Amino acid sequence: MKRSLLLILVVIFTSCSSQRTSVKKMLLHQGFDHTEASEMNTLVDYFETGIKKPQTNLNTSYLRFFQYTALRPDSITKILFDKVELKEQLNRLSLSTKKELWVNSKATAYRSYNGVRFDEPIIYNSFSINTSGKYLALLKRLSDKDVKTYVSKVLAAGDLPPSFIFRSLIINYDEQRTIAFKANYWRLIIAIQYLSYLNEYY
């Protein structure tokens, strides 16, 4: 009995450990260096820890996350991710990793997040996705048709698509299907999409 229980625990631990490093392995095979792969793997782990609910598998957690945030868009910033913790997580990234993901740009704010119009527009530093970095180059090489649609929207806009457009790619109500949440590249895409959005929002 004890040996069976121990075997089950070993299998669970091995599965979780493998899942947590599988994104890193994918990135290492796609031209990212060890630091970049490790740090991007950590971002995925951080995101999934934020949305994972006890007693649910990863697929169910993702579905609940998209359904919940569709009904309550502000919940992602108010409930799931702490502002200070997120900033610390992003600040720990190496310059190399940041450059492969984002580019700095100037943006103009005319209203506050609660809709109040500013007397004078505010210029601030913004992160846009790096359309010529390794991250997008990786996505361009993938054969998944939904990823190709996502990449085309990123390239057309020169940045990440809004959340409602992204959600329609993830959950296709017309065809009654979702993307493969367990695919490492989708885990990475979702994490980068929402952590980028949160970084902008915060």
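The questions and answers below walk through a predicted model of one protein, from its overall make-up to single residues.

Residues are numbered from 1 along each chain as its sequence is written, and side-chain values use heavy atoms, with hydrogens and water left out. Because the model is predicted, local features need pLDDT of at least 70 and side-chain atom pairs count only at pLDDT 80 or more, while totals for chains, interfaces and linings use all residues.

Trainee: How many helices and strands does the protein have?

Mentor: Helices (H or I, at least four residues) and strands (E, at least two) are DSSP runs, numbered from the N terminus. Read in that direction, the elements run α-α-α-α-α-α-β-β-α-α-α-β-β-α. The protein therefore has, by this definition, 10 helices and four strands.

Trainee: What percentage of the residues of the protein count as buried?

Mentor: A residue is buried under 20% relative accessible area, exposed over 50% and partly exposed in between, with a 1.4 Å probe and protein chains only. The protein has 202 residues, and the share of them that counts as buried is 41%.

Trainee: Which residues of helix α5 are buried, and where do they lie on the helix?

Mentor: Helix α5 covers residues 83-91, and at its N-terminal end D82 acts as a cap, with a side-chain oxygen 3.2 Å from the backbone nitrogen of V84. The face turned away from the buried side carries the exposed residues V84 and N91. The buried residues of α5 are L86, Q89 and L90. Seen down the axis, these buried residues fall within an arc of 95° (taken from the directions from the helix axis to the C-beta atoms), so they line one face of the helix.

Trainee: Which helix gives the largest share of the largest nonpolar core?

Mentor: A nonpolar core is a set of buried Ala, Val, Leu, Ile, Met, Phe, Trp, Tyr and Cys residues joined through side-chain atoms within 4.5 Å. The largest one has 50 residues, of which F47, F66, L139, L188 and I190 touch the most other members. The largest share of this core, nine residues, comes from residues 184-201, that is, helix α10.

Trainee: Why is the ring pair of F47 and Y194 called stacked, and which helices hold the two residues?

Mentor: Rings of Phe, Tyr and Trp (its six-membered ring) pair if their centres lie within 6.5 Å, and planes under 30 degrees apart count as stacked, over 60 as edge-to-face and the rest as tilted; by this rule the count comes to 15 aromatic pairs. The rings of F47 and Y194 have centres 6.2 Å apart and planes at 20°, so this pair is stacked. F47 is buried at 0% relative accessibility, and Y194 is buried at 2%. The pair ties together parts that are 147 residues apart in sequence, because F47 lies in helix α2 (residues 34-51) and Y194 in helix α10.

Trainee: Which side chains make polar contacts with the side chain of T97?

Mentor: T97 lies in helix α6 (residues 95-101) and is buried, with a relative accessible area of 0%. A polar contact is a pair of N or O atoms within 3.5 Å; within protein, one must be able to donate a hydrogen and the other to accept it, and residues adjacent in sequence count only if both atoms are side-chain atoms. Such contacts join the side chain of T97 at 3.1 Å to that of S94, and at 2.5 Å to that of E39.

Trainee: Which residue offers a backbone oxygen 2.6 Å from a polar atom of the side chain of N130?

Mentor: N130 sits in the loop between β2 (117-129) and α7 (134-141), and at 10% relative accessibility N130 counts as buried. Contact means heavy atoms within 4.5 Å, and N130 touches K99, E100, L101, W102, V103 and L136, not counting residues up to four places away in sequence. The backbone oxygen at 2.6 Å belongs to K99.

Trainee: Is Q176 buried or exposed?

Mentor: Q176 is found in the loop between β3 (171-172) and β4 (177-178). Its phi is near 50°, a positive value in a residue other than glycine. At 74% relative accessibility, Q176 counts as exposed.
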